[in-house]
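The paragraphs below lead from the chain as a whole to its metal site, and then to the spaces left between its atoms. Please keep the sequence and the model at hand while reading.

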Amino acid sequence: MDRRRFLHRIGGGAALASLAMMGRRGWADAAPGVPPPAQEEELGAEETRGSGPLRITKVRCILTAPQRIRLAIVRVETSEPGLYGIGCATFTQRIRTVETAVHEYLDPFLRGKDPSHIEDLWQAMFQSSYWRNGPVLTNALSGVDAALWDIKGKRAGMPVYELLGGKCRVACPVYGHAGGSDPKEAAESIQSFLDRGYRYVRCQVSVPGQAVYGARGDAKSPYEGHFAGRTFSPAAYQLAVPRMFAGVREILGPEVELLHDVHERLHPIQAIQLAKDLEPYRLFFLEDPFAPEDVGYFRHLRAQTSTPIAMGELFNNPNEFLDIIAGRLIDFIRCHISQIGGISAARKLAHLCDFFRVRTAWHGPGDTSPVGHAANCHVDLSSWNFGIQEATVFNDDSREVFPGTPEIRDGMLWVNEAPGLGIDLDEKAALRYPIRDDPPFDMHWGELRDVDGTIRRP
Ligand code: CO
C-alpha cells in the first residue's frame, strides 16, 4: 500500500485493528513511519487501552482568550475513542501564525503516526521544516509535545510528573508580581502577597515619566504623536531600582525573598553596574540583565558580582543557553517551555542544568495558558534542581475554559492529580471567549523609545 493510501486508511476505524497487531509485535518491528499490516476486524477501546499502539487521527489548534490574553491550545486526537491530549502553543504576539503551522503542516504530518513515540515524533517534527528553532514552529511543536505527554499519562493512568521521575516536592513555590513608585508603595504591594502566603515576590519600579516594565508608568515625550507613552530612559531606571530596594529592605527587613526583572532594557554595562549596586539587598534573582543577543556579557557580569542571575524567557535555540549554563554563568534558567520545544525539551534542559547547579524558574506569565502552567508544574515537581515558579492568578473564566487549572495555595502551585497533565479544555466554554481582532493585537506592543526617538528593547 502506498503511503498516501495508508494514511487515508488509518484515519478510519481500520486503524485500531492494525494497532493491536503492532502492540504484539513491539517497537522493533513497528518502526515509526512504516505502515503496519492491514487487518480488517476492529477492536474496542478496552482492548487497546494502555498497551496497543495508537494512531493520531487529527491535530487542531484552538484559540481562546478567557482572560483577554490570546491563547493557543493544541489538541491531539487519537484512534482510541475519547483519548486525546492537549498542550500549550501560545505565542500571543503572533497567535494566528501558530494556528496555521498546526493546521497546515503538523496536522497532515502527524495523522496516522503513533502518539506514543514522543521523542521520535519530536525529532521528526523539528526537522520536517528544514529551517527550525523559530518561535512559531517551536510553539506549534511544543503544543503537540505536551499533548503527547498528556496522552501517555492518561494511558498509563498516571500524572505526567510520575512519568518524568516522580515528585521531588509536594508542590511548587511561586512568586507574585508586585511594584510601586516609591518604597512605601512597593512594600505594601509586596506585603499583600506575603499576607496570602507567598514567600517570594518580584518587585518592579515605576519611574516618573517612563514606560517601565511591570509597574505603573506615565511615560511622556516632548515629541508627542510619534511615540507618546512609550518613552524609556535607561539611566533614570538604573538609578531608581537600587534606591527602591534600599527603601523596601528598610521597611520589610532582610528575610523576604525579592526578585527583579530588568527585561533586557539597559545597555549591557549599565546592567553590570545595576547588579553590583543591588548586591547589598540580597535578591533571590535579577532577571534578564541582557538580551539574548548579548549573552557574551555574562562572563563579565559573573566576574564582578554575586547577585544571582536568572535568564532565558526569550531563548529559542539551545545555542543561546548551552555555554552560559556550562560556564556556570547564571543561577536560574527562565525559558518559556513552549518556546523551546515543550516538556521533552524542558526535561532535557532541566537535567543539563542539574549538572551545573543551575536551578529552574520556568516562565509563567498570563500568556502561558493554564495548560502551559500545568506543564510547568509537572516539570517542576519532578526536577530536583527546581528553583522557583512564576505564577499567574487565573480568573473564573479561565477556570471554566480550563477545568483542572493548577491552584495557588500557601504560596505554592498545586497540580491536579488526574492522569496526564490533569487539565482539560472545555471547547464550548472556549468559544465564549473568542480571540478578538477588533481591536487587533497592538502591533506596537513592547515598543519603547528613548526621549530622542531611538528604539529600545522591550
Ligand atoms: Co521576565
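Of the 458 residues of the protein chain, 56% count as buried, where buried means under 20% relative accessible area, exposed over 50% and partly exposed in between, computed with a 1.4 Å probe on protein chains only. This is a predicted model, in which local features need pLDDT of at least 70 and side-chain atom pairs count only at pLDDT 80 or more, while totals for chains, interfaces and linings use all residues. Residues are numbered from 1 along each chain as its sequence is written, and side-chain values use heavy atoms, with hydrogens and water left out.

The secondary structure of the protein chain comes to 17 helices and 15 strands; these are DSSP runs, with helices being H or I of at least four residues and strands E of at least two, numbered from the N terminus. Among contacts with a separation of 6 or more, 70% join residues 24 or more positions apart, a contact being heavy atoms within 4.5 Å.

The metal site offers an example of such distant parts of the chain brought together. Asp-261 (OD), Glu-287 (OE) and Glu-313 (OE) coordinate the cobalt ion at 2.0 to 2.2 Å, and their spacing in sequence is D-x25-E-x25-E. Asp-261 lies in strand β6 (residues 257–261) and Glu-287 in strand β7 (residues 285–287), 26 residues apart, and the pair links distant parts of the chain. Both Asp-261 and Glu-287 are buried. Donors here are N, O and S atoms within 2.8 Å of the metal (3.2 Å for Na, K and Ca), and sites may look incomplete because water is not among the atoms.

What remains is the empty space. On a 1 Å grid over the protein atoms alone, a cavity is a set of points where a 1.4 Å probe fits but cannot get out, whereas a pocket is an open set with protein on both sides within 12 Å along at least five of seven lines, and lining residues have an atom within 4 Å of a point. Grid points are joined across faces, edges and corners, and a volume is the space filled by probe spheres set on the points.

The structure holds five cavities of 30 Å³ or more, and the largest of them has a volume of about 90 Å³. Sixteen residues line this largest cavity, of which Cys-88, Ile-337, Ser-338, Gly-372 and Ala-375 are the closest to its centre. At least two lining residues each come from β3 (84–88), α6 (135–156), α13 (337–340), α14 (342–355) and α15 (370–382), with α15 giving the most, four residues. One of these contributors, α6, is mostly covered, with 16 of its 22 residues buried, and Gly-157, whose phi is positive, near 70°, follows α6.

The second largest cavity encloses about 50 Å³ and is lined by Leu-164, Arg-347, Ala-350, His-351, Val-379, Ser-382 and Ser-383. Here α14 supplies the largest share of the lining, three residues.

Helix α14 also appears at an open site, the second largest pocket, which holds about 290 Å³ of space. Of the 18 residues lining this pocket, Pro-318, Phe-321, Ile-340, Ala-345 and Lys-348 are the closest to its centre. The elements that give two or more residues to its lining are α5 (118–128) and α14, and α14 gives the most, with five residues.
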